[in-house]
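I sat down with this model to look up a few things in order: how far to trust it, how the chain is built, and what surrounds some buried positions. My notes follow the order in which I checked them.

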Amino acid sequence: MTPTPHRTNPRPQGTNAHPLSFGYGTNGLADLRLDDALGLLADLGYDGVGLTLDHMHLDPLAPDIAARTRKVARRLDALGLGVTVETGARYVLDPRRKHGPSLLDPDPADRARRVDLLIRAVRIAADLGAHAVHCFSGVLPADPTHLANPAHLADPADPADPAATADPGEDSAWKRLAETLTPVLDAATHAGVPLAVEPEPGHLLATLADFHHLRRILGDPPALGLTLDIGHCQCLEPLSPADCVRAAAPWLRHVQIEDMRRGHHEHLPFGDGEIDFPPVLEALAATGYQALTVVELPRHSHAGPHFAAQSLPFLHRAARAIPAGAEGSTP
C-alpha cells in the first residue's frame with residue numbers, strides 16, 4: 001500500500017535508506033480502540049500493524065466478523081498500513097486458560113476449536129490483504145501418557161532433529177501437531193496466505209530446530225512458513241539473533257522484535273535487554289525480507305502509546321547503521 005500524507009514520521013531516506021518495514025503489535029495497545037490504535041501507528045510513521053485477533057479489537061468469533069473485517073481493511077488502506085494477523089490472544093477461546101485450548105489438547109473437540117480459530121484467521125487475513133497468519137504449537141500436555149500409539153517420528157540420520165531423543169509421548173505430540181495443523185495449512189494454501197509458525201519458549205515447538213522437525217513431518221508444504229521472534233533467539237537459541245535470521249531466511253514469513261536477556265523469556269523495550277540490533281537488522285535486510293518486522297511488547301500495553309513512540313525511532317537509528325549495499329544481498 002502507498003503511504004498517505006497522514007504519516008508524519010516516514011521511513012528515513014538517503015544513502016542509508018533500508019528496505020525494512022516496521023510495525024507494532026496491537027497486543028501492546030490493548031487499552032486502545034482498534035481504530036485509535038491504527039491511527040496512532042500511522043501518525044507515528046509505522047509501516048504496518050501486527051493485528052492480534054481478540055475480543056477488544058477484531059473479535060474472530062463475532063457474528064458480524066465479515067463486516068468488521070471489511071471496515072478494518074478500509075481503515076488500513078486509508079492509513080497506508082500493511083498488516084499481519086496474529087493469533088496469540090490469551091483468552092479469546094477460553095476465559096480461564098491462557099492460550100487454551102491449543103493444537104495439542106487431549107480433547108479432540110478442544111483441538112477443533114483452535115483449528116477453527118486459525119482457519120477464521122486465515123480467512124480474515126485474506127480479506128485484509130495480510131502477508132501472513134501467525135500461530136504457535138502450545139505446550140506439551142502435563143501428562144503426555146494419554147497420547148496413544150506413539151509414532152517414532154525422529155530421523156535417526158539427523159542428530160539435529162529434536163525428536164531423535166524425544167520420549168514416546170513427545171513423538172506422539174509431534175504427530176498430533178502435524179495432523180491438527182493440516183486443515184489449517186489446506187486453508188492457507190487455498191487462501192494464498194502463508195501460515196507462519198512461531199517457536200515459543202516453553203512450547204512443544206520452541207526452537208528453530210523444532211520448526212524444521214515439524215516441516216519435515218509435514219513434507220515441507222509451501223504454505224508453512226516461520227515467525228521468527230528476535231527476542232526468543234536471544235533467550236534460548238544457540239546462534240546469535242543475527243545468525244538465526246540468516247539461518248531462517250528461506251522460511252521467514254513474519255518477524256517479531258523486542259529486547260530480551262539470555263535465559264529469561266521476558267519481552268523488554270529496546271535498550272533494556274542484551275540484543276545488539278544493527279547486526280540483526282542488517283541480516284534481515286541482506287536476506288531480502290520485505291514483510292513486516294513487528295514490535296512485540298504485550299506486557300507494556302498499559303503504556304502502549306509511549307512505547308510505540310519510543311520503539312520506531314530506535315529501530316530507525318539501528319537501521320541507519322546498516323552498511324550501504326547490505327540490503328538485498330544474499331546471506
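These entries go from the whole chain down to single residues.

**Confidence.** I noted before anything else that this is a predicted model, and that the pLDDT averages 88 over the chain, with 84% of the residues scoring at least 70. I then looked for weak stretches and found that residues 1–16 have a pLDDT below 50, although the model gives this stretch 43 contacts beyond near neighbours in sequence. Residues 145–159 also stay under 50, and here the model has 28 contacts beyond four places in sequence. Predicted coordinates should not be read in detail where pLDDT is low, and I left the contacts of both stretches at that.

**Whole chain.** I counted 9 helices and 10 strands. Of the 331 residues in the chain, 55% are buried. Among contacts with a separation of 6 or more, 76% join residues 24 or more positions apart.

**Helix 7.** I asked which residues of helix 7 (residues 241–248) are buried, and the list reads Pro-241, Ala-242, Cys-244, Val-245 and Ala-248. Looking down the axis of helix 7, I saw that its buried residues fall within an arc of 160°, so they line one face of the helix. The cover over these buried residues includes helix 5 (208–218), strand 6, helix 6 (230–236), strand 7 (252–257) and helix 8 (277–287).

**Thr-227.** From the cover I moved to strand 6, where Thr-227 is placed. Thr-227 is buried, its relative accessible area being 0%. I looked for a partner for its side chain and found that a polar atom of the Thr-227 side chain lies 2.9 Å from the backbone oxygen of Ala-196. Leaving aside neighbours within four places in sequence, the residues in contact with Thr-227 are His-134, Ala-196, Val-197, Glu-198, Pro-199, His-254 and Gln-256.

**Asp-229.** Strand 6 (residues 224–229) also holds Asp-229. I wanted to know what the buried Asp-229 has in place of an opposite charge: Asp-229 has no salt bridge, and the nearest side chain of opposite charge, Arg-299, is 11 Å away. A polar atom of the Asp-229 side chain does lie 2.9 Å from the backbone nitrogen of Gly-231. Not counting residues up to four places away in sequence, Asp-229 touches Glu-198, Gln-256, Glu-258, His-267 and Glu-296. I closed the entry by noting that Glu-198 and Gln-256 appear in the contact lists of both Thr-227 and Asp-229.

How values were computed:
Residues numbered from 1 in each chain as written. Predicted model: local features only at pLDDT ≥ 70, side-chain atom pairs only at ≥ 80, totals over all residues. Heavy atoms only, no water. Helix = DSSP H or I, 4+ residues; strand = E, 2+ residues; numbered from the N terminus. Buried < 20%, exposed > 50% of the residue type's maximum accessible area, 1.4 Å probe, protein only. Lys, Arg positive; Asp, Glu negative; His and termini not counted. Salt bridge = Lys/Arg side-chain N within 4 Å of Asp/Glu carboxyl O. Polar contact = N/O pair within 3.5 Å; in protein donor to acceptor, adjacent residues only side chain to side chain. Contact = heavy atoms within 4.5 Å. Arc of directions from axis to C-beta. pLDDT = per-residue confidence, 0-100.
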